[in-house]
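Q: Please take a close look at the aromatic side chains of this structure, and then at the parts around them. I am new to it, so please explain each term as it comes up.

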Amino acid sequence: MRYILFSSVIFIAISCSGLVKKQELRLYGELNSLPSVIKDQTAERVANANSYYYYLLGNLAEMQLNFEIANQNYEKAITFDPSSPYLHTAQSYAYFKRGSVKEALEEGEKALQLDPEYIPARMLLGSILANHQRYDESIIHYKKVIEINPLFDDAYIMLARVYHAKGQEAQAIEVYQNLLSYNPDSFWGNYYVAMSYEEKKDYSKAEFHYRKAFELQPNFGQALTSLGRVYFFEDKYELAIDTYTKALQLDPDNTKIREILGQLYLKQEAYKEALIV
């Protein structure tokens, strides 16, 4: 009875540690920055000096989190260059950050009317729609991006995350597998598919992909703590201890990792180690 209770305490500590919560698979976080694919565009997307001037003012206001002023300047830029999908996409993002979802979607659609294959607008619209639980509409945009550019990693990641949000784990895993089939070294592809396999309790596959993710980014502590958690679920306690120890080396002030390590040492009757961890 004592052994069962003790194991349950460790299970709760690991499952509720906040290192990687199940909600991360379900909830699509706020879009906090203009997607990098948009920022990667250059001044050549803005037609003339006047539009570029107001674009720069809008971008400066955006960096200062003054999205109302950003909208005003992007609007002036658009009057000088109304056929720029780039400017309409920037305008869309600023509206979204103000909470003006209707206007954000309208500007994004204007960008696509000008260029139906403009990937930044589709990625932004997909994100906005996903953030407002309009998942099926979001999926359309991400699938279209993959159709336009089958080697665009971010579209696969976002599409799979939307499937997660819908609770469609099989579809999400299929998307990750498609990504990893051409880019096996995708860090996020490996990390997120590992989370999917873990949720399905397919621990051997989760272990494989968490290990791969850690190999790709050795300083990403969550890959280690996730791997340690999987080792625990597989009853590989020595490997779990070793993995959490490495995670603690990356994050020495993490009290949750110390707590889990201490409990694992107690489970292994390593009382001295449990006291000094």
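A: Rings of Phe, Tyr and Trp (for Trp, its six-membered ring) count as a pair if their centres lie within 6.5 Å, and the pair is called stacked when the planes are under 30 degrees apart, edge-to-face when they are over 60, and tilted for the rest. The model is a predicted one, in which local features need pLDDT of at least 70 and side-chain atom pairs count only at pLDDT 80 or more, while totals for chains, interfaces and linings use all residues. Residues are numbered from 1 along each chain as its sequence is written, and side-chain values use heavy atoms, with hydrogens and water left out.

Searching the whole structure by this ring rule gives 20 aromatic pairs. One of them joins F67 and Y93, whose ring centres are 6.3 Å apart and whose planes stand at 80°, so the pair is edge-to-face. F67 belongs to helix α5 and Y93 to helix α6, so that 26 residues of sequence separate the partners of a pair linking distant parts of the chain; helices here are DSSP runs of H or I with at least four residues, strands are runs of E with at least two, and both are numbered from the N terminus. Both F67 and Y93 are buried, a word that means under 20% relative accessible area, with exposed meaning over 50% and partly exposed lying in between (1.4 Å probe, protein chains only).

A second edge-to-face pair is made by Y191 and F220, with ring centres 5.3 Å apart and planes at 85°. Since Y191 lies in helix α12 and F220 in the loop between α13 and α14 (221-233), this pair ties together parts that are 29 residues apart in sequence. Y191 is buried, with a relative accessible area of 2%, and F220 also counts as buried, at 18%. These two residues are members of one aromatic cluster, which is formed by Y176, F187, W188, Y191, Y192, Y210 and F220.

Some of these names return in the nonpolar cores, each a set of buried Ala, Val, Leu, Ile, Met, Phe, Trp, Tyr and Cys residues joined through side-chain atoms within 4.5 Å. The largest has 55 residues, and Y176, Y191 and Y210 are among those with the most contacts inside it, as are M123, L159, L261 and L264. Helix α10 (residues 153-165) contributes the most to this core, giving eight residues. Another core lies apart from it and has 25 residues, including Y74, L87, A94 and I128.

Helices α5 and α6 also meet helix α7. In α7, the residues V101, A104, L105, E107, G108, A111 and L112 are buried. They cover an arc of only 165° around the axis, which puts them on the same side of α7; the arc is that of the directions from the helix axis to the C-beta atoms. On the other side of α7, K102 and Q113 are exposed. The buried residues of α7 pack against α5 (67-80), α6 (85-98), α8 (119-131) and α9 (135-148), where contact means heavy atoms within 4.5 Å.
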